[in-house]
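User: I'd like to go through this model and ask how each label was earned. Can you set the values against the rules for me?

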Amino acid sequence: EARAALGEVIGLCGRIVAFTGAGISTECGVPDFRSKDSPWRRYKPIDFALFVSDVLMREEAWRRKFALDDICASAQPGRGHYALANLVANGKVSAIITQNIDNLHQASGVPEERIIELHGNGAYARCLSCGARYELQPLRRDFEASGAAPACFECGGAVKSATISFGQPMPQAALERAYQETVRCDLFLAIGSSLVVYPAASFPSLARQRDAKLVIVNGEETPLDSEANLVLRGDIGDILQPFAN
Ligand code: OAD
Ligand code: ZN
């Protein structure tokens, strides 16, 4: 029925864009944002303006970041990630636009140039002033020893996880690439997102406006279900398993 239809539409389409959210990573032990017992309810994200202006909030942000990292410390890609990695390798999927910061598309073997990260990446950090890159392990060691939020060795600027916080400017190059891929695809496959956070959630509608097919795979209803050509409601790993090997 619906699952056979997914195989059929993937078979028929030649240029697929996959768009992923937190739901593709829950089977890997990475919690999503809006489920009932999400740790995000405890470790509420700190707005960008506060991170920049308030050193105590900056320290709190780093505490929460490391606490969350501990929750998903050894996460490995799941069935959904491997299914998409296969579809990229087969030349079916031209790009994976992701809202996730967990680095699991990279870990599943998808080449970096096929991955478009709209909300950054939590596996490293950057200076907000000069862009210098920092690895997390040494930052964490210093933070736990001193209690002070990390500052850039090059310029003294504030160092922040390389993710996009609420209120932080979106990465323009990633948005532009996501736009170009979306208007060129013939199938837009939205997987594991509640589709409520903008501008990310504007891409599925853009695909529809450009006459691509829209397929939504998610465990619960989304506000864009009525725009979709096909909605698959169920467990992502189960639904994508047939493409994973
Ligand atoms: P959400 O937590 O909002 O949505 C995840 C969706 O996946 C929910 O609808 C779940 O029901 C569904 N889901 C979870 N596990 C599933 C499974 N195994 N099978 C099927 N469905 C499953 O996460 P996102 O939509 O990714 O932004 O959230 C979007 C953005 O909001 C995030 O990127 C983050 C957050 O604030 C920033 O940090 C800027
Ligand atoms: Zn710097």
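Analyst: Sure, we'll take the ligand, the rings, some single residues and the backbone in turn. This is a predicted model, where local features need pLDDT of at least 70 and side-chain atom pairs need 80 or more, while totals for chains, interfaces and linings use all residues. Residues are numbered from 1 along each chain as its sequence is written, chains are lettered from A and ligands numbered from 1 in the order written, and side-chain values use heavy atoms, without hydrogens or water.

User: Which residues come nearest to ligand 1?

Analyst: Phe 33, Arg 34, His 119, Ser 193 and Ser 194 come nearest, out of 21 residues around ligand 1. A residue gets into that group if one of its heavy atoms lies within 4 Å of the molecule. By class, the shell has 6 nonpolar, 11 polar and 4 charged residues. In that sorting Ala, Val, Leu, Ile, Met, Phe, Trp, Tyr, Cys and Pro are nonpolar, Asp, Glu, Lys and Arg are charged, and the others, Gly among them, are polar.

User: What makes the 2.7 Å between Arg 34 and ligand 1 a polar contact?

Analyst: A polar contact is a pair of N or O atoms within 3.5 Å (within protein, one must be able to donate a hydrogen and the other to accept it, and neighbours in sequence count only if both atoms are side-chain atoms). A polar side-chain atom of Arg 34 is 2.7 Å from an oxygen atom of ligand 1, so it fits under 3.5 Å. The side chain of Ser 193 also has an N or O atom 2.7 Å from a ligand 1 oxygen, and for Asn 218 the distance from a polar side-chain atom to an oxygen of ligand 1 is 2.9 Å. As for cover, ligand 1 taken alone exposes 800 Å², and the protein buries 89% of that. Those areas come from the Shrake-Rupley method with a 1.4 Å probe.

User: Why is the pair of Phe 19 and Phe 188 called tilted?

Analyst: A pair of aromatic rings is described by the distance of the centres and the angle of the planes. Rings of Phe, Tyr and Trp (its six-membered ring) pair if their centres lie within 6.5 Å, and planes under 30 degrees apart are stacked, over 60 edge-to-face, the rest tilted. By this rule there are 5 aromatic pairs. Phe 19 and Phe 188 sit 5.5 Å centre to centre with 35 degrees between the planes, so they land in the tilted range. Phe 19 is in strand 1 (residues 16–20) and Phe 188 in strand 7 (residues 187–191), so this pair ties together parts 169 residues apart in sequence. Helices (H or I, at least four residues) and strands (E, at least two) are DSSP runs numbered from the N terminus.

User: How do you know that Trp 62 is buried?

Analyst: Buried means under 20% relative accessible area, exposed over 50%, and partly exposed in between (1.4 Å probe, protein chains only). Trp 62 has 1%, so buried is the label. Phe 66 counts as buried too, at 4%. Trp 62 and Phe 66 form a tilted pair, 5.3 Å centre to centre and 35 degrees between the planes. They are 4 residues apart in helix 3 (residues 55–71), which means about one helical turn separates them. Together with Phe 143 they form one aromatic cluster.

User: What makes the charged end of Arg 133 sit over the ring of Tyr 124?

Analyst: The rule wants NZ of Lys or CZ of Arg within 6 Å of the ring centre and within 35 degrees of the ring normal. The charged end of Arg 133 is 3.8 Å from the centre of the Tyr 124 ring. The charged end of Lys 160 also sits over a ring, that of Phe 51, at 6.0 Å from its centre.

User: Is Glu 144 buried or exposed?

Analyst: Glu 144 is exposed, since its relative accessible area is 54%. It lies in helix 6 (residues 136–146). His 119, by contrast, counts as buried at 16%, and is found in the loop between strand 3 (115–117) and strand 4 (120–127).

User: Where is Leu 195?

Analyst: Leu 195 is in the loop between strand 7 and helix 8. It has a positive phi of about 55 degrees although it is not a glycine, and at 2% it is buried. Pro 199 lies in the loop between strand 7 and helix 8 as well, and a cis peptide bond, with omega about 10 degrees, joins Tyr 198 to it.
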